[in-house]
Each structure stands twice: as C-alpha cells, then as structure tokens.
Amino acid sequence: MSAPAPVVGQGVRRKDGVLKVTGGATYASDQMLPGMAHAVLVGSTVPAGRIVRIDRTAALPAPGILGIVTHENAPRLHPPGGMATGGEYAEHFFPLQDPE
C-alpha cells in the first residue's frame, strides 16, 4: 500500500515574498493616479438611533472635498431577488438608505 498523498503541497518561493515581508512591495492601494479621489467613512457614536440633522457647512468648503454622501443623496439599493435565504444576500440592513 502506498503512502497517502500530502494534503498540502510543497512550499513555493514567491517572487514578491521578500518585498512583502520587508515592506517594499507595491500594492494597488499605493497607486496615485491623476484625478484620483478617496473616500472616508464616518461612523456613528450612537449604536442605534435616528439621524435628525447633518451639518455639512464645515466640510463642504474644505480643500479637496468633492462631495458628501449621506442617506439623503446615496443611490437607492434594492434587495437581490432570487432564492437567497442566508448570508450577505439575506441582509436586512442596507447602509445609507434611511436615517436609522
């Protein structure tokens, strides 16, 4: 009877291994392209509540601000159709869709 095949294969030397462990690797997030924009998420300090007002007056005129996305102007999301019964596709919370 022969020995069972190994579950995990042999180690492979990666071309980018040394760069990754020494901090020298370049990732997609390291790229800076002309006109590139970035987003910053701001979470609530209240775990459950209702937004009654958003004061944008200080943020909108700040240098580099292109816009502010809130539940008031975010694109509407629609729950997926089909037979999804669990996991992320059965999610009942859709961010930026209402003031709660």
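**Entry 1: arginine 50 and its partner.** I began with arginine 50, which counts as exposed at 52% relative accessibility. The model is a predicted one, in which local features need pLDDT of at least 70 and side-chain atom pairs count only at pLDDT 80 or more, while totals for chains, interfaces and linings use all residues. Residues are numbered from 1 along each chain as its sequence is written, and side-chain values use heavy atoms, with hydrogens and water left out. For burial I kept to these classes: buried is under 20% relative accessible area, exposed is over 50%, and partly exposed lies in between, with a 1.4 Å probe and protein chains only. Glutamate 100 also falls in the exposed class, at 60% relative accessibility. I then found that the side chains of arginine 50 and glutamate 100 meet in a salt bridge of 2.8 Å, N to O (a side-chain nitrogen of Lys or Arg within 4 Å of a carboxyl oxygen of Asp or Glu). Both glutamate 100 and arginine 50 lie in the segment after α1, so their pairing ties together parts that are 50 residues apart in sequence. The element names follow DSSP runs, numbered from the N terminus, where helices (H or I) have at least four residues and strands (E) at least two.

**Entry 2: the other salt bridges.** How many salt bridges does a search of the whole structure find? I noted four. One of them joins glutamate 72 to arginine 56, with the closest N and O atoms 2.5 Å apart. Since glutamate 72 and arginine 56 both sit in the segment after α1, this pair ties together parts that are 16 residues apart in sequence. I recorded glutamate 72 as exposed, with a relative accessible area of 54%, whereas arginine 56 is partly exposed at 22% relative accessibility. Elsewhere, salt bridges that share partners join Arg14, Asp16 and Lys20 into one network. Within that network I checked lysine 20 and aspartate 16, whose closest N and O atoms are 3.3 Å apart. Lysine 20 is partly exposed, with a relative accessible area of 36%, and aspartate 16 is partly exposed as well, with 26%.

**Entry 3: threonine 70.** Is threonine 70 buried or exposed? I found threonine 70 buried, at 5% relative accessibility, in the segment after α1. Its side chain makes a polar contact of 3.3 Å with the side chain of arginine 56, and it also reaches the backbone nitrogen of glutamate 72 at 3.0 Å. By polar contact I mean a pair of N or O atoms within 3.5 Å, where within protein one must be able to donate a hydrogen and the other to accept it, and where residues adjacent in sequence count only if both atoms are side-chain atoms. Threonine 70 thus brings me back to arginine 56 and glutamate 72, the two partners of the 2.5 Å salt bridge. Leaving aside residues up to four places away in sequence, threonine 70 touches Ile54, Arg56 and Leu96, a contact being heavy atoms within 4.5 Å.

**Entry 4: leucine 96 and glutamine 97.** I followed the contact to leucine 96, which lies in the segment after α1 and is partly exposed, with a relative accessible area of 41%. The phi angle of leucine 96 is near 60°, a positive value in a residue other than glycine. Glutamine 97, also in the segment after α1, is buried, with a relative accessible area of 17%. Which residues does glutamine 97 touch, not counting those up to four places away in sequence? I listed His71, Pro75, Arg76 and Leu77.

**Entry 5: serine 44.** Serine 44 has its place in the segment after α1 and is exposed, with a relative accessible area of 61%. A polar atom of its side chain lies 2.9 Å from the backbone nitrogen of valine 46.

**Entry 6: surface and whole chain.** I noted a nonpolar surface patch of about 330 Å², made by Met32, Leu33 and Met36. Patches are made of residues with over 30% relative accessible area and no salt bridge, like charges being joined within 9 Å and nonpolar side chains (Val, Leu, Ile, Met, Phe, Trp, Tyr) within 5 Å. Of the patch members I looked up methionine 36, which is found in the segment after α1 (17–22) and is partly exposed, with a relative accessible area of 34%. The protein chain exposes about 9,600 Å², of which carbon and sulfur atoms supply 61%; accessible areas come from the Shrake-Rupley method with a 1.4 Å probe, and for residues only the protein chains shown count as cover. The secondary structure comes to one helix and zero strands, and buried residues make up 6% of the 100 residues in the chain. Among contacts with a separation of 6 or more, residues 24 or more positions apart account for 35%.
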